[in-house]
Each structure stands twice: as C-alpha cells, then as structure tokens.
Amino acid sequence: MAVLVTGGAGYIGSHMTWALLDAHEDVVVLDRLSTGFRWAVPSEARFYRGDVGDKVLLARIFDENSIDAVVHFAGSAIVPESVANPLAYYENNTGNTRTLIEAGVKAGIGGFVFSSTAAVYGSQDGAEPVRETTALHPESPYGLSKLMAELILRDAAAAHDFSYVALRYFNVAGADPLGRTGQSTTGATHLIKVACEAALGKRPKVDIYGTDYSTPDGTGIRDYIHVADLVEAHMRALAYLRAGGEPLISNCGYGEGFSVLQVIDTIRRISGRDIAVKHGPRRPGDIARIVADPALARLKLGWVPAHASLDQIVESAFAWEEHLSRKNSYDLPRPQMRLV
Ligand SMILES: NC(=O)c1ccc[n+]([C@@H]2O[C@H](COP(=O)([O-])OP(=O)(O)OC[C@H]3O[C@@H](n4cnc5c(N)ncnc54)[C@H](O)[C@@H]3O)[C@@H](O)[C@H]2O)c1
Ligand SMILES: O=c1ccn([C@@H]2O[C@H](COP(=O)(O)OP(=O)(O)O[C@H]3O[C@H](CO)[C@H](O)[C@H](O)[C@H]3O)[C@@H](O)[C@H]2O)c(=O)[nH]1
C-alpha cells in the first residue's frame, strides 16, 4: 500500500516523504509547486505535479496507486497573508481539503492525517498550556480555514468508513538532522528562518513585530517544535490509524514557550553572528502567546520528542541555511541519501 503525501515538495512534507521512505513505505507525492520545490522530493517517491483541488487528477492518482492513507500537508500557512487574502485561504485550506477527503472516501482510504495548527486556538488570555479541549477562538482566517477543515473531517469520518488524526502544529522549525532537506521557502516569513537568513547577511535585519505584548519582554511567545519530532508524530499517527485508531485531534508542541527576543539571542549565540533588529508594530493576526500541552500525543500516539530544545532546532535550521548559501541557489538538487 502507498501513502499519498500532499504538499510533499514543501518544507514539512519533504521531511515526511524522507521519513516514509526511510521506513520503506511506498510514497506518492502531489504538489503544485507554489511554495515547494521539485528537487525537494526524493527520487524514490512518485511525483504528480498538480492541485489538490483538481478532482480529475485526484481520481487518476487514486486509480494509478494503491493508496491506503493520505497525509495532507498542502495548504497555505502564513497568518498575515490570510488576513489580507482570506478567500484564497478558505479555498485552499478548506475547499481543497474537502475535495481531497471526498476523493479519498471514493477511493476507500482507511486513514487521513491532517496538518492543523495552533492558530485554531487564538488568544487564551494566559490560560496555558492549551489542551485539545480548550475552547477555540481562531483570530485569523488561516486558523479558521484549518478549523473548518477539521470539522469537515469529523463529519466525513462519522459518515464514511475511514478515520483521521488532525495534528495541531505549534511553530515548526529546524531541518532534517541528516541534512537532506530543510526550509527553503523563498520570501520566508517564519521567525527562525528569517533570523537565520539575517545572520548570514541575506537580509539586513529582523523586524520585531510588537514589543508591547503582555509577555515578560513584550514580544510574542511561541512553542517551537523541531520538524523531525513533528514528522515522527505523523509516522505514529499513521501507525495508529492503520491499527484501527479512532478519530483524534492532538497538539504537536513541547509545552515550552520562547519570546521573539529569546529566539534571536539563541540564533546569535549558535551562529556566532550578529543580527540587527528593528522594533516595529504588531503584525495583523498575531497573538501574544501560545504554548501547547503535549500530553495527549504522548498518551494516544506514544510520541516522545527526541530533539526538544531550541538549540537543536536552531543548529539544524542554521546549518540548512548555510547549505543554501553555499549552493547559492534554491533549485539545486540535494544528494539522494537514504537510511538503510
Ligand atoms: N510551518 C509551520 O510552522 C506550520 C504550523 C502549523 C501548520 N502548518 C501546516 O503544515 C502544512 C505544511 O506547511 P509548510 O510549512 O511545509 O509549508 P510549505 O509552503 O513549505 O508547504 C506547502 C506545500 O504545499 C504545496 N501546495 C499548497 N497548496 C497546494 C495545492 N492546492 N495543491 C497542491 N500543492 C499545494 C506547496 O507548493 C508546498 O510545496 C500546511 O498545511 C500548513 O498550514 C505549518
Ligand atoms: O520577522 C519576523 C517574523 C516573526 N516574528 C514574530 O515571531 C513570532 C512567530 O512568528 P512566525 O511568523 O514564525 O509564526 P506564527 O506564530 O505567525 O505562525 C506559525 O505558527 C502558527 C502556530 O502557532 C501557525 O501554525 C502557522 O502556520 C505558522 O506560520 C510571532 O510573535 C511574530 O510576530 C517577528 O517578530 N519577526
């Protein structure tokens, strides 16, 4: 049986594709290459270039491959962009996810793993860490677009013969410890990537979006999770579904928060480079702080993170950024190493 990875040419999806191949899974990748890269898809995976919203293509993919599970990363993931262009987010994250679920149901898949987000929680007025049972108040179209997809999954799984795991990622960062892939997004907006670029002189400075939040140093606090640990949670979710697991919604974070200033200081220390910063206004859609309670993932999936430190996240992210600089191109292929 094969696993369909949508968004497998993107940041997190390419790490998942490597992990599946390392586990000797048969992998099919669907990606429209809007923010991902063809070179990021290992050659052992079957690749289809196209849109998750394309029903005809989806029918062909399910017809040509024996797919028992879908891991759905394809989506749009920038909070302020969703505030500026909500309809695009509802189309890609909600509408296209519905189309994919429908195609999967028609093809008789057994399991669906969905990339949800901490943005479904919104501000919790200091009620931290957040649990899956916490009331949801998404404050951006991005968060709402993902919450609606969670609800569609809930109803579809109740009506049809499949199960799902929706993983609510907190702030994903870092790169493959074996250096095979990493975050390569052009025009990145995520803090750790932006600050690593600034440390290497690819940007003049880091803008700090808000210094007047009700946090100890006034900057936003997030729960940063290493992409390798996140991918391990997906591998466990897949195993859980194949073993007949009930629908599950679970946080993916470590339960520890770091401020923007703490993150930048860590990158300065690990890179040995200075990073210029400019204090600026708050960014639309941002919240002051969000930290996960990770207990459910441990309980239900047996998920035990192996890289749970900001230093490890930054070391791998910075090493990947240096690799991209040396290559001086985002389009050069990576060596096709694989674990045996
Ligand atoms: N990066 C994070 O911190 C974070 C946090 C929470 C949730 N997520 C979710 O994880 C998923 C992956 O995020 P990422 O950081 O790897 O982003 P990314 O932009 O690197 O990857 C997304 C991939 O999906 C592809 N894609 C987008 N829309 C598509 C469509 N309609 N059809 C086919 N391909 C499409 C893009 O080309 C890209 O390769 C997203 O759904 C995102 O919302 C990410
Ligand atoms: O140049 C920058 C970039 C970010 N920040 C700040 O750094 C923190 C983290 O911002 P990111 O852009 O790295 O990430 P977000 O918290 O906005 O969002 C990310 O994490 C969310 C969950 O917490 C969602 O899952 C979403 O998909 C993902 O993009 C925020 O306080 C933000 O204001 C800056 O100050 N300067």
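This is a short tour of the structure above, one selection at a time.

**Before you start.** The model is predicted, so local features need pLDDT of at least 70 and side-chain atom pairs count only at pLDDT 80 or more, while totals for chains, interfaces and linings use all residues. Residues are numbered from 1 along each chain as its sequence is written, and chains are lettered from A and ligands numbered from 1 in the order in which they are written.

**Stop 1: the whole protein.** Show everything as a cartoon. You will find 10 helices and 13 strands; helices (H or I, at least four residues) and strands (E, at least two) are DSSP runs, numbered from the N terminus. The C-alpha atoms fill a box of roughly 55 × 45 × 35 Å along the principal axes. The radius of gyration is 19 Å, which agrees with the value near 20 Å for a compact globule of 340 residues. That radius is taken over C-alpha atoms, and the globule rule is 2.2 Å times the number of residues to the power 0.38.

Buried residues make up 49% of the 340. A residue is buried if 20 or more other C-beta atoms lie within 10 Å of its own, exposed if 12 or fewer, and partly exposed in between, with C-beta atoms placed from the backbone.

**Stop 2: helix α1.** Select residues 11–22. These 12 residues should span 16 Å at 1.5 Å a residue, and the end C-alpha atoms are 17 Å apart, which agrees. The expected span is 1.5 Å times one less than the number of residues. Is α1 enclosed or open? The helix is largely enclosed by the rest of the structure, because 10 of its 12 residues are buried. Among them are Y11, H15 and W18. Now add β1 (2–6), β2 (26–31), β4 (67–72), β7 (171–173) and α7 (227–242): the buried residues of α1 pack against these elements. Just after the helix, click on H24, which takes a positive phi of about 65°.

**Stop 3: strands β1 and β2.** In β1, 4 of the 5 residues are buried. β1 and β2 pair in the parallel sense over 5 bridges; two strands pair if DSSP finds at least two bridges between them. Label V5, and look for V29 in β2 standing opposite.

**Stop 4: ligand 1.** Which residues are the closest to ligand 1? They are G7, G10, Y11, G36 and G75, within a shell of 29 residues. The elements giving two or more residues to this shell are α1, β2, α4 (86–107), β5 (111–117) and β7. A residue is near a molecule if its C-beta atom, placed from the backbone, lies within 6 Å of it. Helix α1 gives the most, with 3 residues. By type, the shell has 11 nonpolar, 15 polar and 3 charged residues. Here Ala, Val, Leu, Ile, Met, Phe, Trp, Tyr, Cys and Pro count as nonpolar, Asp, Glu, Lys and Arg as charged, and the others, Gly among them, as polar.

**Stop 5: ligand 2.** Around ligand 2 there are 22 residues, the closest being T117, A118, L191, Y209 and G220. Both α6 (191–199) and β8 (206–209) supply at least two residues of the shell, and β8 gives the most, with 4. This shell divides into 13 nonpolar, 5 polar and 4 charged residues.

**Stop 6: I67.** Finish in strand β4, where I67 has its place. I67 counts as buried because it has 21 C-beta neighbours inside 10 Å. Leaving out residues up to four places away in sequence, I67 touches A2, V3, L4, V28, F62, A107 and I109; contact means C-beta atoms, placed from the backbone, within 7 Å.

Definitions and conventions:
Contact = placed C-beta atoms within 7 Å.
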